[in-house]
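The exercises below are meant to be worked with the sequence and the model open side by side. Try each task before reading the solution under it.

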Amino acid sequence: MATTSLAGTAVVQSSKAVTRITERTTKRRAKGARRRTLWPFLLPSGVIAFFILLYPLGYALYLSLFDVYLDTGVSTFVGLGNYADLLGDMRFWSSLLRTVGIVASAVGVEFCLGLAVAYGLYRLKFAVRGLNLLMFLPHIITPVVAALFLKWVFAGRWGLLDSVLAGMGIFPPDWLGDPMWARITVVIADTWQFTPFMILVLFAGLNTVDQSQIEAAQIDGAGGRQVLFRIMLPAIRPLIVFVLTMRMMDAFRYFDTIYVLTSGGPGSATETITMQTYALAFRLFQVGKASALGVITLVIVMALAAILIGVVGRSKERA
Amino acid sequence: MKKTRRLSASQLLLFLALCLFTAITLTPVAWAFLTSIKQPIDAFAIPPKLVFEPTLEFHHMVWFEKGFGRFFLNSAIISVSTVLISVSIGTMAAYGLSRMRGKAAKGILLGLLSLRMFPHMLLAIPFFILAKLLNLIDTYPAMVLALVAINQPFTIWLMHSFFVDVPAEVDEAAAIDGASEWQTFFKVVLPIVRPGLWVTALFSLLLAYNEFLFALVLTGPNTKPLPVAIAEYGGEDLNYWSLSAAAAIAIMIPIVVFMMLLQKHLVRGLALGAVK
């Protein structure tokens, strides 16, 4: 429920007009002119959704209860054994911790940077459209290609960053080879691709804030910063919750970039939950256990989304 | 007078700051482009050379010698089929949902939204096993069906947002004139949302073109699309660096075209694109 209205807010079409139209039509329909047979329109999509989304999901849940090895075809029922195994495995906990760390830093940096740039664009009176379009490019480049671009920047010795630093006589860190720097590089990569999305959504949101409210605050003597933090940000809080939730869920399943940049290495320094699931399923062929890990990921992501919507959404009512 | 001048000074500062941000953002792309037109000896120079003799040799190789044509064709077949199926059935479903009374439609839309929470990895496993059982690994249908399925929530939401903008009075007028449900849909409502249809098709194309995980799992030597091909691209060859840069730039070209076509609709598409 909350999420739909949030998704609606993100659409910077005048949603009020839409609601008005919907209300009008519902009223008119309530007078009840004719019965419509609409289900045939849903049928093809429904068939696809059932056979290619819901059935495979059910199958994955089913698989998660078995000890299945793809190469040998051996399959034994283990009940919740896979889940118990994973929860008792240090490797699971450390990759979960890494994932949370990477997701939190990436989404945090993206939000702060995105807000700063969006506010800058909002204050700027010219060239906004062109700048916005240019800075948007990284977001729609094929993620694998984007990861390659960054790999060439961060690559040891011949990468752009290293050769510039070496040219200045600075000895550069091993960006992709050192565990800590590899994690930072992965966060930078996600930031590079998704800050533009933050900027776009936040910029659009800032533009929907009621001008008369801003002017009233300015007359009361509020400065630019106060207007931003006291008036504008509270006004777009639902949008902020929406964009943070979406980014969090996406970052959790972040795969392409890590696969290309570090493939989880060095060692397991950038092995996130998604990377671990991939390795379990497609390298070790333990599809039962991998499915269980997928289900656990889903539960965690849903819980985090619920917390985010609950906590940040609720503080709106308090304010 | 004084005030306007101060204002424009701060505007100029703001403009420069944003230009700097944009420049940093675009540096990796520019660097890749420069690498793609450098001879290997220039590409490995330290400090990086900004003045060099450009060559289109590697771009030529990518397009005409290294078999990238095949991967382009695979990507095109997969993305275009996905868009055709996904948009046509998604549009119908979106229309149906936008015209339904009661709570069912809302429930279905919410259900679609929550489907996006599912980690793709969780779907990749059953997709892979089922495709293997049905002998569909390394065929176009397996990849297209998987992409249609994950595109559905997005396509339906985006088209739904366009259909909701068309007042139901339009349908009712058509019904009074004696049009059937299907005639109303095809002849009256669909033409009104045609711009929306294009936007949805382009976004859907972008999602299919960029997809990596499912392609990695479901395609093989015969159907491999561009993202997988370039991720596997490598070798000890010294030319590799410039060559893969040229390939990466080639993959990006259609994206830049999409973006120019889409720029007016970016916000609506992406906000709902998050529904993917």
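**Exercise 1. A charged pair in chain A**

Which residue meets the side chain of Arg247(A) in a salt bridge at 2.9 Å, N to O?

Solution. The model is a predicted one, and in it the side chain of Arg247(A) meets that of Glu110(A) in a salt bridge, with 2.9 Å from N to O. As a next step, place the partners: Arg247(A) belongs to helix α12 (residues 237-252) of chain A and Glu110(A) to helix α5 (residues 90-123) of chain A, so that the pair links distant parts of the chain, 137 residues apart. Then look at accessibility, where Arg247(A) has a relative value of 1% and counts as buried, while Glu110(A), with a relative accessible area of 0%, is buried as well.

Arg247(A) also forms a salt bridge with Asp190(A), in which the closest N and O atoms are 2.6 Å apart. Asp190(A) lies in helix α9 (residues 179-206) of chain A and Arg247(A) in helix α12 of chain A, so this pair ties together parts that are 57 residues apart in sequence. With a relative accessible area of 2%, Asp190(A) is buried.

**Exercise 2. A charged pair in chain B, and the wider count**

Find the residue of chain B whose side chain meets that of Arg99(B) in a salt bridge, and decide whether the two partners are buried or exposed.

Solution. The partner is Asp171(B), and the distance from N to O is 2.9 Å. Arg99(B) sits in helix α4 of chain B and Asp171(B) in helix α8 (residues 168-176) of chain B, and the pair links distant parts of the chain, 72 residues apart. The relative accessible area of Arg99(B) is 3%, and this residue is buried; for Asp171(B) the value is 0%, and Asp171(B) is likewise buried.

Back in chain A, salt bridges that share partners join Glu110(A), Asp190(A), Arg247(A), Asp250(A) and Arg253(A) into one network. Over all chains, the structure holds seven salt bridges.

**Exercise 3. The interface of the two chains**

Describe how chain A and chain B meet, taking the buried area, the pairs across the interface and the residues on the side of chain A in turn.

Solution. Begin with the extent of the contact, which takes 102 residues from chain A and 98 residues from chain B. Between them the chains bury about 9500 Å², and 79% of this area is on carbon and sulfur atoms. Next come the pairs across the interface, where the rule finds zero salt bridges but nine residue pairs in polar contact, both residues being at pLDDT 80 or more. On the side of chain A that touches chain B, the largest share, 15 residues, is supplied by helix α3 (residues 39-63) of chain A. Sorted by kind, the residues of that side are 71 nonpolar, 18 polar and 13 charged.

A single residue can be followed in the same way: Ile230(B), in helix α12 (residues 226-232) of chain B, is buried at a relative accessible area of 1%. Leaving aside residues up to four places away in sequence, Ile230(B) touches residues of both chains, including Val144(A), Leu148(A), Phe68(B) and Ile251(B). Although Phe68(B) is 162 residues away along the chain, its C-alpha atom and that of Ile230(B) are separated by 9.2 Å.

**Exercise 4. Aromatic rings around Phe185(B)**

Work out how the ring of Phe185(B) is arranged relative to Tyr95(B) and to Phe186(B).

Solution. A pair of aromatic rings is described by the distance of the centres and the angle of the planes. Over all chains there are 31 aromatic pairs. In the pair of Tyr95(B) and Phe185(B) the centres are 4.8 Å apart with 40° between the planes, and the pair is tilted. Tyr95(B) lies in helix α4 (residues 68-99) of chain B and Phe185(B) in helix α9 (residues 181-192) of chain B, so the pair ties together parts 90 residues apart in sequence. Tyr95(B), at 0% relative accessibility, is buried, and Phe185(B), at 2%, is buried too.

For Phe185(B) and Phe186(B) the centres are 4.9 Å apart and the planes stand at 65°, so this pair is edge-to-face. Phe186(B) is partly exposed, with a relative accessible area of 46%. Finally, ring pairs link Phe41(A), Tyr95(B), Phe163(B), Trp182(B), Phe185(B) and Phe186(B) into a cluster.

Key. Residues are numbered from 1 along each chain as its sequence is written. Chains are lettered from A and ligands numbered from 1 in the order in which they are written. This is a predicted model: local features need pLDDT of at least 70, side-chain atom pairs count only at pLDDT 80 or more; totals for chains, interfaces and linings use all residues. Side-chain values use heavy atoms; hydrogens and water are left out. Contact means heavy atoms within 4.5 Å. Buried area is the accessible area (1.4 Å probe) that two parts lose on being put together, summed over both. A salt bridge is a side-chain nitrogen of Lys or Arg within 4 Å of a carboxyl oxygen of Asp or Glu. A polar contact is a pair of N or O atoms within 3.5 Å; within protein, one must be able to donate a hydrogen and the other to accept it, and residues adjacent in sequence count only if both atoms are side-chain atoms. Helices (H or I, at least four residues) and strands (E, at least two) are DSSP runs, numbered from the N terminus. Ala, Val, Leu, Ile, Met, Phe, Trp, Tyr, Cys and Pro count as nonpolar, Asp, Glu, Lys and Arg as charged, and the others, Gly among them, as polar. Rings of Phe, Tyr and Trp (its six-membered ring) pair if their centres lie within 6.5 Å; planes under 30 degrees apart count as stacked, over 60 as edge-to-face and the rest as tilted. Buried means under 20% relative accessible area, exposed over 50%, partly exposed in between (1.4 Å probe, protein chains only).
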